[in-house]
Amino acid sequence: MPQIAPGSLLSLEAYARERNDYRSRVIAHKKLRTVHAGEHVTLIFEDEQTIRYQVQEMLRIERIFEEDGIRSELEAYNPLIPDGGNWKATMLIEYPEADERRRRLAGLKGIEDRTWVQVEGCERVWAIADEDLERENAEKTSAVHFLRFEFDRAMMEALKNGALVSAGIDHPQYNVTVDNLDPAVRASLAGDLT
């Protein structure tokens with residue numbers, strides 16, 4: 001599995017100097033890895049660059065510079081990097097008003113397990129959700145989930161050969177399909193596969 005090594009990270013001082021440019025590059029990169037599934041759900045497909053940025057930001061915010069602290073952050077974030085046979089995504093459920101958000105999250109329990117991607121000519125790939133910890137309780141689901149989509153060899157070959165990709169959510173309270181992901185997004189995501 002691809003890993004970010006501690007020695008490859010910028011020091012807090014170096015990151016502070018480069019942060020604005022670094023952030024601009026990552027924001028542009030994330031646009032090529034973002035899928036809006038309807039009005040209220042966003043999938044951000046992670047890769048080494050997006051996770052490296054997240055780690056650098058966490059180190060900066062928490063002022064972590066000691067080796068043990070850096071290693072701990074990497075242990076938490078490295079599993080979010082795709083390993084060549086899958087895509088990994090952060091799912092954000094977004095309702096700006098607090099009362100509506102609470103009400104909607106109660107009705108959206110299980111949404112993370114009903115999220116899918118589909119390579120043209122292949123079966124849907126359903127998300128494997130929240131392997132790190134339970135993100136749902138008896139009252140509601142979380143507004144953030146971590147998803148993994150596993151591909152077989154035929155799917156990966158089809159993607160590399162330009163097959164179209166769709167994504168969606170098949171939940172009783174939130175049903176949406178995004179047909180034919182933007183070609184630039186599809187190409188960026190296909191690059192995650194070996």
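1. Burial in the chain. Of the 194 residues that make up the protein chain, 47% count as buried. The reader should keep in mind that this is a predicted model. The protein chain exposes about 10200 Å², and carbon and sulfur atoms supply 48% of that area.

2. Overall form. Six helices and nine strands make up the secondary structure of the protein chain. The radius of gyration is 17 Å, close to the 16 Å that the globule rule gives for 194 residues, so the chain is as compact as a globular protein of that length. Along its principal axes, the C-alpha trace spans about 50 × 45 × 25 Å. Among the contacts with a separation of 6 or more, 69% join residues that lie 24 or more positions apart.

3. The sheet. Five strands form an open sheet in the order β1-β2-β3-β7-β6, and their pairing is antiparallel. Which strands stand at the edges? These are β1 (34-37) and β6; each has a single partner strand, so one side of each is left without a neighbour in the sheet. As general background, strands of a sheet pair through backbone hydrogen bonds, either parallel or antiparallel.

4. Strand β7 and its partners. Strand β3 (residues 86-93) and strand β7 (residues 144-150) run antiparallel and are joined by seven bridges. One residue pair can be named here: Asn86 has Glu150 in β7 as its bridge partner. Strand β6 (residues 128-129) also runs antiparallel to β7, with two bridges between them. In this pairing, Ile128 stands opposite Arg148 of β7, while Ala129 stands opposite Leu147 of β7.

5. The nonpolar cores. The largest nonpolar core has 38 residues, and the members that touch the most others are Phe45, Trp87, Phe149 and Phe151. Apart from this core lies another, of 13 residues, which includes Leu12, Ile51, Val55 and Ile81. In soluble globular proteins, nonpolar side chains tend to be buried together.

6. Phe151, a member of the largest core. Phe151 is placed in the loop between β7 and α5 (153-160). Is Phe151 buried or exposed? Its relative accessibility is 9%, and buried means under 20%, so Phe151 counts as buried. Leaving aside neighbours within four places in sequence, Phe151 is in contact with Gly85, Asn86, Trp87, Val117, Val119, Val125, Met156, Leu159 and Leu193. One of these, Asn86, is 65 residues away from Phe151 in sequence, yet the two are 5.7 Å apart in space, C-alpha to C-alpha. Asn86 is also the residue whose bridge partner in β7 is Glu150.

7. Ser188, a buried residue in a helix. Ser188 has its place in helix α6 (residues 183-190). With 17% relative accessibility, Ser188 counts as buried. Which residues does Ser188 touch, not counting those up to four places away in sequence? They are Leu32 and Arg33. With Arg33 there is a polar contact between the two side chains, at 3.0 Å.

8. Points to take from the model. Two residues described above, Phe151 and Ser188, both count as buried. Phe151 is among the residues that touch the most other members of the largest nonpolar core, whereas the side chain of Ser188 makes a polar contact with that of Arg33. In the sheet, β7 is joined to β3 by seven bridges and to β6 by two.

Technical notes
Residues are numbered from 1 along each chain as its sequence is written. This is a predicted model: local features need pLDDT of at least 70, side-chain atom pairs count only at pLDDT 80 or more; totals for chains, interfaces and linings use all residues. Side-chain values use heavy atoms; hydrogens and water are left out. Two strands pair if DSSP finds at least two bridges between them. Helices (H or I, at least four residues) and strands (E, at least two) are DSSP runs, numbered from the N terminus. A nonpolar core is a set of buried Ala, Val, Leu, Ile, Met, Phe, Trp, Tyr and Cys residues joined through side-chain atoms within 4.5 Å. Buried means under 20% relative accessible area, exposed over 50%, partly exposed in between (1.4 Å probe, protein chains only). The radius of gyration is taken over C-alpha atoms; the globule rule is 2.2 Å times the number of residues to the power 0.38. Contact means heavy atoms within 4.5 Å. Accessible areas come from the Shrake-Rupley method with a 1.4 Å probe; for residues, only the protein chains shown count as cover. A polar contact is a pair of N or O atoms within 3.5 Å; within protein, one must be able to donate a hydrogen and the other to accept it, and residues adjacent in sequence count only if both atoms are side-chain atoms.
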